[in-house]
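Dear colleague,

I am passing on to you the structure that we spoke about, and below it I have set out what turned up when I went through it. Please read the notes with the model open beside them.

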Amino acid sequence: MTRRTILTISLIALVLIMTIGLRGSTQESRNQMPDFGEVQTSAVATFASNLTQTAAAHPTATPTLTPTDTATPIAITATEGTATPTPSCYRSRFLKDVTVPDFSPMQPGQTFTKTWRVLNNGTCAWQPGFRFAFYGGDPMGGTNFTLTQTVDPGQQLDLSIPMTAPGGTGIVISSWRLSGYNGWFFGDTLTAKINLGGETPTP
């Protein structure tokens with residue numbers, strides 16, 4: 001054989017050996033490659049197992065209803081300008097109508113003076129500076145006045161207000177009360193009741 005022939009045969013043999021080796025390697029790789037369905041099933045099982053372990057390690061907390069904090073009462077204090085409550089020792093009791101009894105007939109524009117008699121039935125004296133003031137209804141031209149004398153407990157006092165009957169007809173009422181230094185009212189409400197344009201009705 002010539003040298004060229006020997007080289008040719010050697011080259012062919014080498015190619016055959018490499019081809020056979022490559023086919024064997026490919027077949028082995030195919031034999032070793034896992035089935036796709038098996039891989040997918042295994043992955044799903046592994047994921048589910050991990051979820052189960054996580055849930056076991058961290059159980060879901062059940063919400064619990066708890067009562068809210070009870071509001072703390074707020075103390076309310078009187079602000080500046082608020083009338084001071086009337087001390088309980090100041091009292092006044094109505095005794096009688098000295099003039100112009102209730103439902104006295106009057107004509108529009110007629111003037112008169114209404115006088116009430118009251119009793120200090122409290123335990124504190126009424127001081128100069130206390131007022132006898134309009135409280136409600138129709139003032140009928142009357143104005144407030146200020147006490148200038150001390151009225152001790154148990155003493156009586158006549159309170160008088162000049163008035164003028166308003167226009168119209170029917171029953172007209174004017175209400176008045178005693179009040180202290182800071183404007184708080186105390187005692188019975190005193191009223192003047194007149195009957196405009198008519199006879200004295202039966203109460």
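Which residue lies over the face of Tyr 135, and at what distance from the ring centre? The residue is Arg 177, which lies 5.0 Å from the centre of that ring. Please bear in mind throughout that this is a predicted model.

Tyr 135 has a second partner, since Tyr 135 and Phe 185 form an edge-to-face aromatic pair with 4.9 Å centre to centre and 70° between the planes. This pair links distant parts of the chain, with Tyr 135 in strand E4 and Phe 185 in strand E8, 50 residues apart. Neither ring counts as buried: Tyr 135 has 41% relative accessibility and is therefore partly exposed, and Phe 185, at 28%, is also partly exposed.

To put this in context, the protein chain has 2 helices and 8 strands, and along the sequence these follow the pattern α-α-β-β-β-β-β-β-β-β. Of the 203 residues in the protein chain, 23% are buried, and the chain exposes about 14300 Å², of which carbon and sulfur atoms supply 58%. Among contacts between residues at least 6 apart in sequence, 68% join residues at least 24 apart.

The largest nonpolar core holds 27 residues, and the members that touch the most others are Phe 112, Trp 116, Trp 126, Phe 132, Met 163 and Ile 194. Two or more residues are given to this core by each of E3, strand E6 (156-164), strand E7 (170-179) and strand E8 (185-196), and E8 provides the largest share, with 5 residues. As general background, nonpolar side chains in soluble globular proteins tend to be buried together.

The count of aromatic pairs comes to 13. One of them is formed by Trp 116 and Phe 132, which meet edge-to-face at 5.5 Å centre to centre with 70° between the planes. Here too the pair links distant parts of the chain, with Trp 116 in strand E3 and Phe 132 in strand E4, 16 residues apart. Trp 116 has 0% relative accessibility and so counts as buried, and Phe 132, at 0%, likewise counts as buried. Ring pairs also link Tyr 90, Trp 126, Phe 130, Tyr 181, Trp 184 and Phe 186 into a cluster.

Ser 179 is worth finding next, and I would place it by its neighbours. Ser 179 lies in strand E7 and, at 1% relative accessibility, counts as buried. Leaving aside residues up to four places away in sequence, Ser 179 touches Phe 130, Arg 131, Ala 133, Trp 184, Phe 185 and Phe 186. Among these contacts, Phe 130, Trp 184 and Phe 186 belong to the ring cluster, and Phe 185 is the partner of Tyr 135 in the edge-to-face pair described above.

A search of the whole structure finds 1 disulfide, which joins Cys 89 to Cys 124 with an S to S distance of 2.0 Å. The torsion about this S-S bond is about -100°, so the disulfide is left-handed. Because Cys 89 lies in the loop between helix H2 (36-57) and strand E1 (93-97), and Cys 124 in the loop between strand E3 (111-119) and strand E4 (131-137), the pair ties together parts that are 35 residues apart in sequence. The two cysteines fall in separate accessibility classes: Cys 89 counts as buried at 17% relative accessibility, whereas Cys 124 counts as partly exposed at 22%, the cut-off for buried being under 20%.

Finally, I would ask you to look at the backbone in two loops. Val 100, a residue other than glycine, has a positive phi near 50°; Val 100 lies in the loop between E1 and strand E2 (104-106) and counts as buried at 14% relative accessibility. Met 140 is not a glycine either, and has a positive phi of about 50°; the place of Met 140 is in the loop between E4 and strand E5 (145-146), and at 2% relative accessibility Met 140 counts as buried.

With best wishes

Methods
Residues numbered from 1 in each chain as written. Predicted model: local features only at pLDDT ≥ 70, side-chain atom pairs only at ≥ 80, totals over all residues. Heavy atoms only, no water. Disulfide = S-S within 2.5 Å. Helix = DSSP H or I, 4+ residues; strand = E, 2+ residues; numbered from the N terminus. Buried < 20%, exposed > 50% of the residue type's maximum accessible area, 1.4 Å probe, protein only. Core = buried A, V, L, I, M, F, W, Y, C linked by side-chain atoms within 4.5 Å. Phe/Tyr/Trp six-rings, centres within 6.5 Å; stacked < 30°, edge-to-face > 60°. Lys NZ or Arg CZ within 6 Å of the ring centre and 35° of its normal. Contact = heavy atoms within 4.5 Å. Areas by Shrake-Rupley, 256 points an atom, 1.4 Å probe, with all protein chains shown as cover.
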